[in-house]
Structures are given as C-alpha cells and as structure tokens.
Amino acid sequence: MRNIQNIFFRRQIILFVFGMLFLLSSIVKAQQDTLQLSLDAILSRMDTSYPALLQYNEQIKAIDARAQGAKSWMPPTLSVGADRFGYQPMMWREEGPMNQAGIMISAEQMIPNSKKLDANSSYIQSQGLTLKYDSAWIKNNLRARVRLYYYQRFIAERKLAILKESESLLDMLIATAEARYAVNQSDLSTIFKAKARRTELTNMEAMFNAQIAEGSIGLNTLMNRSVNSPFTIDTMIVLRNFSDSVSFENILNRSDLLAVDAQIYSMRQEQNYMKTSLKPDFGIRATHMQMFGMPNQFSVMGMMVIPIAPWSSGMYKSEVRALDFQIQAMQFEKESMQLMANQMASEKLVMLRYEKEQLNNYNTLIIPAYQDNYEAAFLAYRENTGNFFVLLDAWDMLLMKKMEAVNQLYKVLIPQTQYEYEIEK
C-alpha cells in the first residue's frame, strides 16, 4: 500500500513539474510575442497606417487623375433627321426644285482653345499641392498626439517603478519595526501609520495603471491597431537640446503656411484660367442631305464662340477681380499665421528652458538632499538613536520628491512636444 502511495506521489510531483515548465514556457513565449516599440517606430507606423493620412493620399491621386483628363475635348455631336418635308405626301415623290425633302445627317465638333485647356489642367494640378501640405500638417498634429500619449505612458511606468521600489522598502521597514516592537524598541501607532500608508500606495498603483492603459489605447488607435494590443516602450527618453532662439526660417517652412502659399498659387492658376475664358473657341459642322427630288447636297460650316462680347465678358472680368481681392486676403492671413506661430514657438521654447532648469534642480539638488535625509534617519534608527516616526517621514518625503521629479520631467516633455509641433520638427 505504501509503495502505491509513493508511486502516486511521484506522479503528482512529475505532473506538477511539467505543468510549471509549460506555464513558464508560455510566459516566456508571451513576452517574446509582445512588441517593443520605440517612439520613432510608433510614429512610422502611424504615418503609414492612420486612415486620415491615407485619405489625403487618395484625394491627391484623384486630383492627378482629374488633371490628366483636363485637356480632353468635348465629344462630337451627331444629328439625323427629316428636313423640309411638305405636309402633302404626294409632293415627296416629285422631281424638281419644288421637292426639297430629304434626310439630313450632321456632325459637329467644338475645338477648344489650347491655352484654355492648359490653364485648366494647371489649376486642377495646383489643388493637389494644397492637399499635400494639408496632409503634412495633419501628420504633424497626429505626431504631437503620439508623443503626448507615449510620454504619458512613459511617465506612468516610471512612477510605477518608483512606487514598487518604495513599497518593497516600506515593507522592509515595517517588518523591522514590528521585530523591534516585540522588544519594546518601536512605537505601535507609527507601525499602524506605516501600514496605512502602505495601503494608500495601492490606489496610486491603480491610478498609474489607468494612465498606462489610456496611453496604450491612444497609441494603438493612432497606429490603427486593436486598442487592447499589448506592446512595450523604451525605458529611456533623451531630452532634446534646442537653440536659444526660434529660427524664423523653420516657421516659414511649416506645412500649414506652405499650404496657404499653395492656396494662393492655386488661386492664381484659377485666375489665369478665368482670363483664358475670354479667348474664343472654335467649332466645325459638316452636313450631308440625302435629297428625294433633287441632287444630294452638303454643307461645311465653321463656328467661333466670342466671349469678349460686352454682355458676356463682364462675368469673367469680375471673377478675375474678385480673385485678386481673395489673394490679397490670403496674404494677410499668412502674415497673421506667421506672427502667431513665431509667438507660440518662442513661448514654448522659453517655458521649456525654465522647466528643464527645475528638472535639473530636482536631479542634482533636491533628490540627493532628501536621499541623504532618509539615509541619515535609517542609520540613526538602525543604531537605536532615532525613532521609526522620523524614518517613516523621511521615506515618505523621499517618495514624494521622486514623484515630483517625474512630474517635472513630464512638464519638460509637454513644452518640448509643443515646440516640436510649432516648428514641425
């Protein structure tokens, strides 16, 4: 009986070992299957998969296709009908000039002015240039959103790592304090306070996990992936260094300003097209008459459209003048946009400079000072010259300042993102 129990026990151990190995291999495989994406990789995926950008690409293709057909002629017109038939049917069979009845076949083709066709094609093509810059500016907006979501998740993960480290440290301090309480070397109320503080960290952890989830959903959406698709991000971010002043040349090369230039160019092309509307068009008509009582006849006629007639040219001339006013208005709009862009970029650059200065103070002065304070309190507590309340307060202050430093890092990343948006980096 004992041998049967031993065999059964060994089988259970073997099954447990194999089960654990299978579980570990599944975990390792899941970790390997999880994508690790850098900020540049996410931006690249967004550029090639976000529907709004693909929409602009198709619209540009549509304009190119339309421009290819802009130089086409109007289709020819073919007419067939009875001509000069008398109301007395007996006359249809008579011979002589009195019977002018016959079947008329007519073909007509309008020949448009070549300069008008060229101007129309150029006008349509110019609209594609505007869409190109509009697409680039939309991409700049989306890239700023990617950076903000990425930094949100990065900051939350950084805070979560600090929280986990502080939790482990606090657990060790609580265990030490409870051991000392057994020999009357620690205060029970302070131990309860430490345990209460430990439970508060659970809420902070849930908040950080929520921020990570929000950032992941935003990034997956911008990459056109399922919102719950898992991925990891880089654990390091390098802050960018910019010049002390805004380059006005960078402002002038922004896509939204270039889009205004493209709109002005398109309006000038439209104006040129309207001017060609005053040029004449030509046409030709050929007619064949299959006569019943007379020899067959034909006619060939040339036609010319005269748009410069006073009663028709006013519409084209007024449209050309109106486009002059619209172009001037667009010039003023561009100047206003340049001034506003320069102001916003300068503000973000100044804000970035001072936020980085505060971050540097946290890393070089504030955090080391509170770290020294904690280490001194811990040393005193270990040597029985300090109390647990002071040590707990030092731990709490160090955690708070570390969190503030990470918040300050986020305050640096926000204006950095905004400045990159303003100069369309």
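Buried means under 20% relative accessible area, exposed means over 50%, and partly exposed lies in between, with a 1.4 Å probe and protein chains only as cover. By that scale aspartate 396, at 25% relative accessibility, is partly exposed.

The views show a predicted model, in which local features need pLDDT of at least 70, side-chain atom pairs count only at pLDDT 80 or more, and totals for chains, interfaces and linings use all residues. Residues are numbered from 1 along each chain as its sequence is written, and side-chain values use heavy atoms, with hydrogens and water left out.

**View A. Aspartate 396 and arginine 197 form a salt bridge.** A salt bridge is a side-chain nitrogen of Lys or Arg within 4 Å of a carboxyl oxygen of Asp or Glu. Here the N to O distance is 3.0 Å. The pair links distant parts of the chain, with aspartate 396 in helix 9 and arginine 197 in helix 5, 199 residues apart. Helices (H or I, at least four residues) and strands (E, at least two) are DSSP runs, numbered from the N terminus. Arginine 197 has a relative accessible area of 18% and is therefore buried.

**View B. Aspartate 171 is bridged to arginine 198.** The closest N and O atoms of this salt bridge are 2.9 Å apart. Aspartate 171 belongs to helix 4 and arginine 198 to helix 5 (residues 188–222); the two are 27 residues apart and link distant parts of the chain. Aspartate 171 is partly exposed at a relative accessible area of 35%, and arginine 198 is partly exposed at 24%. The whole structure holds 18 salt bridges.

**View C. Lysine 401 and glutamate 404 pair within helix 9.** Their salt bridge has its closest N and O atoms 3.2 Å apart. Three residues, about one turn of the helix, separate the two. Lysine 401 is buried, with a relative accessible area of 15%, whereas glutamate 404 is partly exposed, with 23%. Elsewhere, Arg147, Arg240 and Glu420 are joined into one network by salt bridges that share partners.

**View D. Helix 4 packs against helix 9.** Helix 4 covers residues 114–181 and helix 9 residues 388–422; their axes are 10 Å apart and meet at an angle of about 170 degrees. Axes are lines fitted to C-alpha atoms, for helices over the stretch in contact, and angles run from 0 to 180 degrees between N-to-C directions. Helix 4 is therefore roughly antiparallel to helix 9, a term for angles over 145 degrees. The contact residues divide into 25 nonpolar, seven polar and six charged. In this count Ala, Val, Leu, Ile, Met, Phe, Trp, Tyr, Cys and Pro are nonpolar, Asp, Glu, Lys and Arg are charged, and the others, Gly among them, are polar.

**View E. Isoleucine 138 lies in helix 4.** Isoleucine 138 is partly exposed, with a relative accessible area of 27%. From isoleucine 138 to glutamate 167 the C-alpha distance is 43 Å, at a separation of 29 residues in sequence.

**View F. Nine side chains are not drawn separately here but as one nonpolar surface patch of about 940 Å², with Trp73, Ile111, Phe282, Ile284, Phe298, Val300, Met304, Ile306 and Ile308.** Strand 5 (281–291) and strand 6 (297–305) each give two or more residues; strand 6 has the largest share, three residues. Patch residues have over 30% relative accessible area and no salt bridge, with nonpolar side chains (Val, Leu, Ile, Met, Phe, Trp, Tyr) joined within 5 Å and like charges within 9 Å. Methionine 304 is in strand 6 and is partly exposed, with a relative accessible area of 47%.

How values were computed: Areas by Shrake-Rupley, 256 points an atom, 1.4 Å probe, with all protein chains shown as cover. Parallel < 35°, antiparallel > 145°, perpendicular 65-115°, else oblique.
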